[in-house]
Amino acid sequence: MSHVSSWRAWRKSKKLQVLEVEAMGRLPEVRISDNGPYECHVGIYDRATREKVVLASGNIFLNVMAPPTSIEVVAADTPAPFSRYQAQNFTLVCIVSGGKPAPTVYFKRDGEPIDAVPLSEPPAASSGPLQDSRPFRSLLHRDLDDTKMQKSLSLLDTENWGGRPYTERPSRGLTPDPNILLQPTTENIPETVVSREFPRWVHSAEPTYFLRHSHTPSSDGTVEVRALLTWTLNPQIDNEALFSCEVKHPALSMPMQAEVTLVAPRGPKIVMTPSRARVGDTVRILVHGFQNEVFPEPMFTWTRVGSRLLDGSAEFDGKELVLERVPAELNGSMYRCTAQNPLGSTDTHTRLIVFENPNIPRGTEDSNGSIGPTGARLTLVLALTVILELT
């Protein structure tokens with residue numbers, strides 16, 4: 001930035017020469033903090049008083065623009081469960097930071113601009129599906145996702161979880177642990193690995209979108225803009241739909257963009273450590289990704305088929321299930337992990353195989369896998385015997 005001011009003063013007197021003054025100021029690299037008013041003063045020094053006499057002054061306001069520095073699309077109120085029988089509202093939030101002045105933010109679906117109804121206030125959580133009186137537009141031309149996998153009759157039997165599959169009473173005996181056996185901790189169950197849940201209600205009309213903007217000024221003069229797109233979710237139509245948030249700004253030569261694809265979880269990959277669990281070990285069962293990219297973030301629920309978990313609870317919420325000091329009774333037990341987001345739900349099962357522990361004599365561990373009083377006395381006797389032999 002440069003600013004030039006000039007001043008010319010003259011008189012008819014021959015003793016006063018024509019005076020021309022130029023002043024220039026430069027900002028080699030303009031920053032947001034340079035925004036504001038600037039003044040230029042032109043004057044002379046009086047030789048008699050040694051004081052500066054201002055002959056003229058001028059001012060200018062420098063308005064600095066800054067393009068947005070970041071853009072992100074997230075889902076509001078997640079993780080959230082899947083609703084099979086009742087429609088629910090869903091909100092995407094586009095967060096744009098670092099822009100000055102505030103940028104223009106809008107959404108697209110599958111590359112097409114979304115004609116949204118402006119919304120001044122956020123919808124109430126219990127307000128039910130949002131509706132609008134705009135003309136009806138059908139979406140029946142879209143491919144419906146009918147990839148619901150049939151549940152295994154051998155394990156799940158019925159749609160509800162009230163059935164009693166054959167795995168609910170696992171064998172209480174220990175699995176032998178000869179050196180030649182290299183069986184993993186878990187057992188693959190191909191016919192019961194995954195079952196997907198889809199809603200029983202279908203909307204054939206294109207949903208009505210509602211858009212709300214909020215602006216939050218920052219201390220550096222920039223503005224954070226949040227655009228919230230809300231509609232009544234239809235998993236059979238919205239699953240695998242591409243939503244993009246685009247930003248226009250005077251300091252940008254082309255729009256910024258961030259996009260997400262709404263995808264239901266499918267095929268959780270379960271990892272169990274240690275790979276060979278023995279009586280008394282602490283076993284960790286972790287969901288290590290999916291067969292596909294999932295958005296929004298899913299929630300996880302663990303249950304034991306036909307019984308309660310080791311700590312006595314009916315279920316556990318979290319990505320990792322920890323079984324501390326597994327007892328022999330857990331050999332052959334089946335665990336179900338339910339991963340779900342608003343677009344769908346999927347179940348996967350894994351079986352725990354518990355091997356003998358040569359350091360724990362059979363029958364000495366309690367229900368929690370720790371050594372009981374008999375085992376403690378036996379260990380004490382063996383320790384005393386070793387001490388006596390050494391002495």
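Student: Why does Lys 108 count as buried?

Tutor: Buried means under 20% relative accessible area, exposed means over 50%, and partly exposed lies in between (1.4 Å probe, protein chains only). Lys 108 has a relative accessibility of 18%, which is under the limit, so Lys 108 counts as buried. The model is a predicted one, in which local features need pLDDT of at least 70 and side-chain atom pairs count only at pLDDT 80 or more, while totals for chains, interfaces and linings use all residues. Residues are numbered from 1 along each chain as its sequence is written, and side-chain values use heavy atoms, with hydrogens and water left out.

Student: What makes Lys 108 and Glu 246 a salt bridge?

Tutor: A salt bridge is a side-chain nitrogen of Lys or Arg within 4 Å of a carboxyl oxygen of Asp or Glu. The closest N and O atoms of Lys 108 and Glu 246 are 3.4 Å apart, so the pair meets the criterion. This pair links distant parts of the chain, with Lys 108 in strand β7 (residues 104–109) and Glu 246 in strand β14, 138 residues apart; such elements are DSSP runs numbered from the N terminus, helices being H or I of at least four residues and strands E of at least two. Glu 246, at 8% relative accessibility, also counts as buried.

Student: Which residues does the salt-bridge network join?

Tutor: The structure holds 5 salt bridges, among them one between Arg 109 and Asp 110, where the closest N and O atoms are 3.9 Å apart. Arg 109 also forms a salt bridge with Asp 238, the closest N and O atoms there being 2.7 Å apart. Salt bridges that share partners thereby join Arg 109, Asp 110 and Asp 238 into one network.

Student: Are Arg 109, Asp 238 and Asp 110 buried or exposed?

Tutor: Arg 109, at 9% relative accessibility, counts as buried, as does Asp 238 at 1%. Asp 110, by contrast, has a relative accessible area of 36%, which falls between the two limits, so Asp 110 is partly exposed.

Student: How do you know that Cys 94 and Cys 245 form a disulfide?

Tutor: A disulfide is a pair of cysteine sulfur atoms within 2.5 Å, and the sulfur atoms of Cys 94 and Cys 245 are 1.9 Å apart. The torsion about their S-S bond is about -80°, so the disulfide is left-handed. Cys 94 lies in strand β6 (residues 89–99) and Cys 245 in strand β14 (residues 242–248), so the pair ties together parts that are 151 residues apart in sequence. A search of the whole structure finds 1 disulfide.

Student: What makes strands β19 and β22 a pair?

Tutor: Two strands pair if DSSP finds at least two bridges between them. Strand β22 (residues 334–341) pairs with β19 in the antiparallel sense over 6 bridges, and Thr 338 in β22 is the bridge partner of Thr 301. Strand β20 (residues 316–317) also runs antiparallel to β19, joined to it by 2 bridges.

Student: Why does Asp 311 count as exposed?

Tutor: The relative accessibility of Asp 311 is 62%, over the 50% limit, so Asp 311 counts as exposed. Its place is in the loop between β19 and β20. The side chain of Asp 311 makes a polar contact with the side chain of Ser 313 at 2.7 Å. For that term, a pair of N or O atoms must lie within 3.5 Å; within protein, one must be able to donate a hydrogen and the other to accept it, and residues adjacent in sequence count only if both atoms are side-chain atoms.
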